[in-house]
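Welcome to a set of short exercises on reading a protein structure. Try each task on your own before you look at the solution.

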Amino acid sequence: MAVARSVGSEILAPVKRTLSAALLLALVLAFPSAASHRRTHVKTVEYWVGAVSLTWNVVPNGKDPIMGQTFDPAKTTLQTTIYRPFSANWATQLDSGNQGLVGPIIHARVGDTILVHFKNFDPNAPHSIHFHGVHYDLPSDGAYIPGYSGPGADVQPGQTFTYKLKAGPDSAGVWPYHDHSPSMDASIAGGMWGALSILGKGQRPPDREFVVFFDSQFKLKFAVINGLAFIGNTPTFHAKVGDVVQWDVLALGDDTHSFHVHAHRWTEPDGVTHDVQTVSPASSFEIRWKEDTAGTWLYHCHVEDHMMNGMIGLYIVTK
């Protein structure tokens, strides 16, 4: 861009006095400044999200293979409402991928504006979305405050609202979002939550990104990862040696958890290395490493009661 600015100056200098304003503007636009070039990386990203009611089985295969337990589906199934991704204008519900009941991952980069268009398909209760980690004005807070909050905090059945968010310099990382309407307690207990994943300026996206959402206060009292319990039900994540992998670890509910992946460790920016890291209610963190260890590994909460009650899964790395 420095060359472009220099050439542009040489062209413009002799003719500035005689060119019309319109032609001068055209030449300036032909040689944009470095600042305008940087602005092209900042964008508005849009997501269409719906609150959808469904029947959810926490142990869909009916088994805990480690302990050899089997479960009656009548005792592992409930009616609940969760966030689901949609195409534009909520025309079609989209595949949510291998994320369990976690809502769509909202991806953005520092500097971006994020528009989340929300529709409440639940015929029985109001809902909202409250976002951690980003900037917004009061109408987009999504938290119900009688006498102060607007319609975005109390979206009635069949209604819509668009949340306008800004990813600031302090927004890089991973953050939860969840219902904060008058239905908040029942909604969070039923799994109405998701994740924001925001890249820093110049940060490259990972080759693989895995969401691990711990919640041990689920309505059926299992300890769940992404609303699922026990190996074979919780998400099985896959990577290859050489991949840059990112783990998005979040928690809601009343309990503190500890995240652990067998045969792996990670180093924080302050130089501290972990192979277990604590995550408390409504907190979150991201972990990255370049994969170098092939095998089939466990990932789980290292609170033993949580792990034995379902908070455990598989991570498979191939060469």
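**Exercise 1.** How many cavities of 30 Å³ or more does the count give? Find the residues that line the largest one.

*Solution.* Keep in mind throughout that this is a predicted model.
Step 1: The count comes to 1 cavity of 30 Å³ or more.
Step 2: The volume of the largest cavity is about 40 Å³.
Step 3: Its lining is made by Leu138, Pro139, Asp141, Gly142, Ala143, Ser149, Gly150, Gly152 and Ala153.

**Exercise 2.** Describe the protein as a whole, using its helices and strands, its buried share and its contacts.

*Solution.*
Step 1: The protein has 5 helices and 21 strands.
Step 2: Take the buried share next: 46% of the 319 residues count as buried.
Step 3: Among contacts with a separation of 6 or more, 73% are between residues 24 or more positions apart.
Step 4: Finish with the surface. The accessible surface is about 15100 Å², and 56% of that belongs to carbon and sulfur atoms.

**Exercise 3.** Why can strand 14 be called largely enclosed by the rest of the structure? Work out which strands it pairs with, too.

*Solution.*
Step 1: Strand 14 covers residues 244-251, and 7 of its 8 residues are buried, so the rest of the structure largely encloses it.
Step 2: Strand 11, residues 208-215, pairs with strand 14 in the parallel sense, over 7 bridges. Here Val211 stands opposite Asp248.
Step 3: Strand 19, residues 284-290, is joined to strand 14 by 7 bridges, and these two run antiparallel. In this pairing, Leu250 has Ser284 as its bridge partner.

**Exercise 4.** Which side chains meet in a salt bridge? Say where in the chain the partners sit, and decide whether each is buried, partly exposed or exposed.

*Solution.*
Step 1: Searching the whole structure turns up 1 salt bridge.
Step 2: The partners are Arg208 and Asp243, with 2.9 Å from N to O.
Step 3: The pair links distant parts of the chain, since Arg208 lies in strand 11 while Asp243 lies in the loop between strand 13 (237-240) and strand 14, 35 residues apart.
Step 4: Buried means under 20% relative accessible area. Asp243 has 13%, so Asp243 counts as buried.
Step 5: Arg208 has a relative accessible area of 30% and is partly exposed.

**Exercise 5.** In which order do the 4 strands of the open sheet that has mixed pairing lie? Then look at the largest pocket and its lining.

*Solution.*
Step 1: The order is 5-10-9-7.
Step 2: Strand 5 (106-109) and strand 7 (130-131) are the edge strands, each pairing on one side only.
Step 3: Inside this order, strand 9 (residues 173-178) and strand 10 (residues 193-199) run antiparallel and are joined by 6 bridges. Trp175 has Leu196 in strand 10 as its bridge partner.
Step 4: Turn to the largest pocket, with a volume of about 150 Å³. It is lined by 13 residues, and the closest to its centre are His107, Ala108, Arg109, Leu199 and Pro205.
Step 5: Strand 5 and strand 10 are the elements that give two or more residues to this lining. Strand 5 gives the most, with 3 residues.

**Exercise 6.** Where is Ile105 found, and which residues does it touch beyond four places away in sequence?

*Solution.*
Step 1: Ile105 is in the loop between strand 4 (77-86) and strand 5.
Step 2: With a relative accessible area of 15%, Ile105 is buried.
Step 3: Beyond four places in sequence, Ile105 touches Tyr47, Gln99, Ala195, Ser197 and Val211.
Step 4: Look at the last of these partners. Ile105 and Val211 are 106 residues apart in sequence, and their C-alpha atoms are 8.5 Å apart in space.

**Exercise 7.** What is notable about the phi of Ala263 and of Ala282?

*Solution.*
Step 1: Start with the general rule: most residues other than glycine have a negative phi.
Step 2: Ala263 has a positive phi near 70°. Its place is the loop between strand 15 (257-261) and strand 16 (266-267), and at 30% relative accessible area Ala263 is partly exposed.
Step 3: Ala282 is not a glycine either, yet has a positive phi of about 70°. Ala282 sits in the loop between strand 18 (276-279) and strand 19, and is partly exposed at 29% relative accessible area.

Note on methods:
Residues numbered from 1 in each chain as written. Predicted model: local features only at pLDDT ≥ 70, side-chain atom pairs only at ≥ 80, totals over all residues. Heavy atoms only, no water. Buried < 20%, exposed > 50% of the residue type's maximum accessible area, 1.4 Å probe, protein only. Pairing = 2+ DSSP bridges. Salt bridge = Lys/Arg side-chain N within 4 Å of Asp/Glu carboxyl O. Contact = heavy atoms within 4.5 Å. Areas by Shrake-Rupley, 256 points an atom, 1.4 Å probe, with all protein chains shown as cover. 1 Å grid on protein atoms, 1.4 Å probe; cavity = no way out; pocket = protein on both sides within 12 Å on 5 of 7 lines; lining within 4 Å. Points joined across faces, edges and corners; volume = space filled by probe spheres on them.
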